[in-house]
Structures are given as C-alpha cells and as structure tokens.
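Biologist: I have the model open and would like to go through it with you. Can we start with the overall picture and then go to the side chains?

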Amino acid sequence: MSELLISIIVPCYNHGHFLKDSIGSVLNQNYSNWELYIINDGSTDDTLEKAHKLTFKDNRIRVLDKTNGGLSPARNLGLENVKGELICFLDADDKLLPNALLTISTYFIKDSQLDVLVCSYKYFKENGDFHIHVFNQENLGLQAFFKSNIAPPVSFFLKRSCQERIGIFDESLKSCEDWDFWIRAAKVGAKIETIPDVLVGYRYVPNSMSRNAVQMFEALKEVSLRAVKKDSRIDPDAPMNKDYPIDAGKNLKHHFLRCLGVYLMQGKVNESVIWYTEEKEKWNWNFLPEDFEELNSNLSFRYFLKKEEIDDLLKNTLPDFERFFSEIGLSKLDQKIAIKKVFAPHLKKNNHYRFGKWLGALVNRLTF
C-alpha cells in the first residue's frame with residue numbers, strides 16, 4: 001500500500017510557547033510521509049526563532065514568514081506551497097494524536113472518492129483532557145453545515161484536488177473562515193465523511209475573556225446568510241451551488257445567543273442588554289426562557305465542570321446573568337427558569353459534589 005504525502009499547515013501568531021508540543025505531535029507520528037509548513041504570521045514573540053530551531057530537528061519542516069494578517073492569509077500562504085495529496089490544518093496550539101496520520105491515510109486509500117474526512121476530537125488544557133466529542137461514521141451533506149461548523153480545523157483532513165475546487169480561505173472574514181471553507185466544500189459536491197476515531201486534540205481556552213463576541217457574531221451572520229445563497233466563488237454549475245429556501249434568521253438567533261453568552265461571561269452586562277435589545281428588534285426575535293440555554297455553549301463555559309470551576313461560575317458569573325435577565329424585563333419566574341436552563345450542567349454536577357453520586361442524582365431528579 002503506497003503512502004500518501006500529507007501536507008500540514010501550521011499558522012502561528014505569538015504562540016511560540018506552544019510550538020514544541022504541536023510540532024512534537026507530528027514528529028511523534030507512526031507515519032513518515034509528511035511535510036510541514038510553519039507560517040509565522042508576523043509574531044512579536046519568539047515564534048520565528050523557535051520555528052527555525054525545529055527545522056534543524058527534521059528537514060520535513062519548513063518555515064514561511066509573513067507580515068501579520070490573520071489565520072486566513074496564513075493558511076492561504078501554506079496552500080500556495082504544499083505538495084501533498086492530503087492537507088491538514090494544525091493550529092499552533094493544537095495537536096495530533098500519534099496514530100492520526102496513519103489512520104487518516106488508510107481511510108483515504110480505502111475510499112478513493114473521499115474528499116474530506118472529519119475525525120473525532122478531544123478538548124484539552126494544560127492539566128489534561130476534559131471532554132471528548134465522538135462522531136458516528138457517516139456521510140455529510142450541505143444540510144449538516146447550514147446550522148454551524150461541526151468541528152475545529154484540526155479535525156478536518158482534505159484532499160488537495162478538492163481544495164483546488166473550493167478555493168482559498170476568505171481573507172475578508174475576521175472569524176468563521178473555516179466554516180465558510182467547509183460550506184463551499186459541500187457546495188462543490190465533495191464527499192465529506194465523519195469517523196469515530198479520536199485522532200486530534202483541540203486546546204480549550206480556559207476563559208473567553210479575549211474573544212470579541214460582536215465581531216464573532218458579525219462573521220457568523222455573514223457566513224450564515226451566504227450559506228443559503230449561490231456562491232460566486234466556486235463553480236456555478238456545482239451540484240449543490242444554488243439558492244435555498246431556508247430562513248437563515250433561525251440560525252442567526254442560535255449564533256447570537258452563543259456569542260451573547262461570551263459577552264456575559266466577560267461581565268459586560270450593560271453592553272449585553274443594549275446588544276440584545278438591538279438585535280431582538282432588528283430580527284423581530286421572540287425569546288422564551290428556555291431559549292437562553294444556548295448562552296451556555298462550548299464558546300463560553302459548557303465544559304467547565306471541575307469543582308473549582310463551578311464554584312467560580314456560581315459565585316462570579318451567575319449573578320451577572322441574573323442581572324441581565326432582570327434588566328431585559330423577564331418576570332421573576334422566567335428569570336428562575338432561564339438561570340436553571342443556562343447553568344443546569346453545573347448545578348447538577350455541583351449537587352454530585354455536595355451530596356455524592358446517589359443522593360446528588362436524587363436531588364437532581366427532584367429539582368430538574
């Protein structure tokens with residue numbers, strides 16, 4: 001069985017302290033036919049120095065240096081240089097598990113029609129793994145991408161011939177450029193498949209304090225509205241490239257709540273009230289107390305379930321949500337329902353910490 005050359009693109013901006021781990025995860029692969037491009041995106045830390053040192057360890061590693069422009073231009077520079085039959089987008093703070101490249105290569109060799117493979121992934125922090133997302137093995141169509149992106153970039157492995165049909169990453173987007181990219185893959189008729197194999201690690205940011213929630217929502221909005229329309233950037237005759245009679249506003253509400261959850265987690269209650277009021281009127285949205293459950297997502301604190309994390313959330317974050325719900329005019333009853341919906345995973349887990357497994361489960365059944 002011949003080995004496919006896998007090209008790995010690693011954009012890096014001021015993440016030099018993560019490079020040893022991310023590139024090390026490639027050096028530790030039980031698969032040898034790969035090339036790797038570290039794209040230094042105008043870093044002001046020691047990224048460039050550390051990247052060049054890594055090239056001395058292995059001649060399959062190359063460094064490309066550019067002025068700062070963001071993820072899309074960095075990845076696009078990598079796409080201009082790769083020679084492999086398969087492409088992997090490994091962000092500088094993520095990692096591949098040791099059998100990732102061999103497993104991925106095997107799937108593509110077995111199915112010559114396969115264009116994009118999406119593997120299962122795990123979240124990790126400095127103190128270890130804490131959440132695993134496992135897919136079923138199934139083929140995905142465009143409908144799967146209408147609502148949201150299904151996985152981080154590191155989970156996607158792409159055939160180069162398919163990338164040439166998709167084009168490059170949209171450099172006008174400040175966020176969600178990967179979701180836009182995979183929507184185009186589906187629209188050109190790519191065969192996209194998910195697999196249950198957990199092959200990569202996605203580093204989870206321990207808080208959302210640095211995220212620009214408004215900018216994120218603007219990008220999500222642009223991609224959502226574009227997704228249901230014919231795309232001029234790809235072949236106009238591609239089988240799935242057409243207008244769809246889908247109300248993108250429903251998806252926007254979903255994205256807005258997730259971004260609003262980030263804003264509230266940052267303690268920006270006054271700004272959140274203004275933003276909520278503006279977007280609610282703009283889109284004529286009606287919110288039920290149950291809808292606010294989406295304020296708690298992987299973008300904010302969905303997986304913060306260690307005791308110290310829950311203690312901090314209940315002490316410092318929950319009061320901001322209570323204030324928000326009060327200021328947007330929810331009744332006392334609806335405020336209680338909304339709080340219970342938002343913090344349900346944490347309140348339930350906290351009961352286990354407080355009362356033990358069995359009694360905690362009983363309390364949860366009576367409470368929720």
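Biologist: What is the radius of gyration of the protein, and what would a compact globule with 368 residues have?
Modeller: The protein has 22 Å, and a compact globule with 368 residues would have a radius of gyration near 21 Å, so the two agree. The radius is taken over C-alpha atoms, and the globule rule is 2.2 Å times the number of residues to the power 0.38. Bear in mind that this is a predicted model: local features need pLDDT of at least 70 and side-chain atom pairs count only at pLDDT 80 or more, while totals for chains, interfaces and linings use all residues. Residues are numbered from 1 along each chain as its sequence is written, and side-chain values use heavy atoms, with hydrogens and water left out.

Biologist: How many helices and strands does the protein have?
Modeller: There are 14 helices and ten strands, taken as DSSP runs numbered from the N terminus (helices H or I, at least four residues; strands E, at least two).

Biologist: What share of the residues is buried?
Modeller: Buried residues make up 53% of the 368. Buried means under 20% relative accessible area, exposed over 50%, and partly exposed in between, with a 1.4 Å probe and protein chains only.

Biologist: Changing topic, how many disulfides does a search of the whole structure find?
Modeller: Zero, with a disulfide being a pair of cysteine sulfur atoms within 2.5 Å.

Biologist: Why no bond for Cys 176?
Modeller: Its closest cysteine sulfur, in Cys 259, is 7.4 Å away, which is too far for a bond. Cys 176 counts as buried, at 10% relative accessibility.

Biologist: And Cys 162, what is the closest cysteine sulfur there?
Modeller: That of Cys 88, at 15 Å, again too far for a bond. Cys 162 is buried too, with 0% relative accessibility.

Biologist: On to the rings. How many aromatic pairs are there?
Modeller: The structure holds 28. Rings of Phe, Tyr and Trp (its six-membered ring) pair if their centres lie within 6.5 Å; planes under 30 degrees apart count as stacked, over 60 as edge-to-face and the rest as tilted. One of them is Phe 181 with Trp 182, edge-to-face at 5.0 Å centre to centre and 85° between the planes. Phe 181 is buried at 0%, and Trp 182 is buried at 1%.

Biologist: Stacked or edge-to-face for Phe 287 and Phe 292?
Modeller: Stacked, with 5.7 Å between centres and 15° between planes. Both are buried.

Biologist: Which lysine lies over the face of Phe 287?
Modeller: Lys 253, at 4.9 Å from the ring centre. The criterion is NZ of Lys or CZ of Arg within 6 Å of the ring centre and within 35 degrees of the ring normal.
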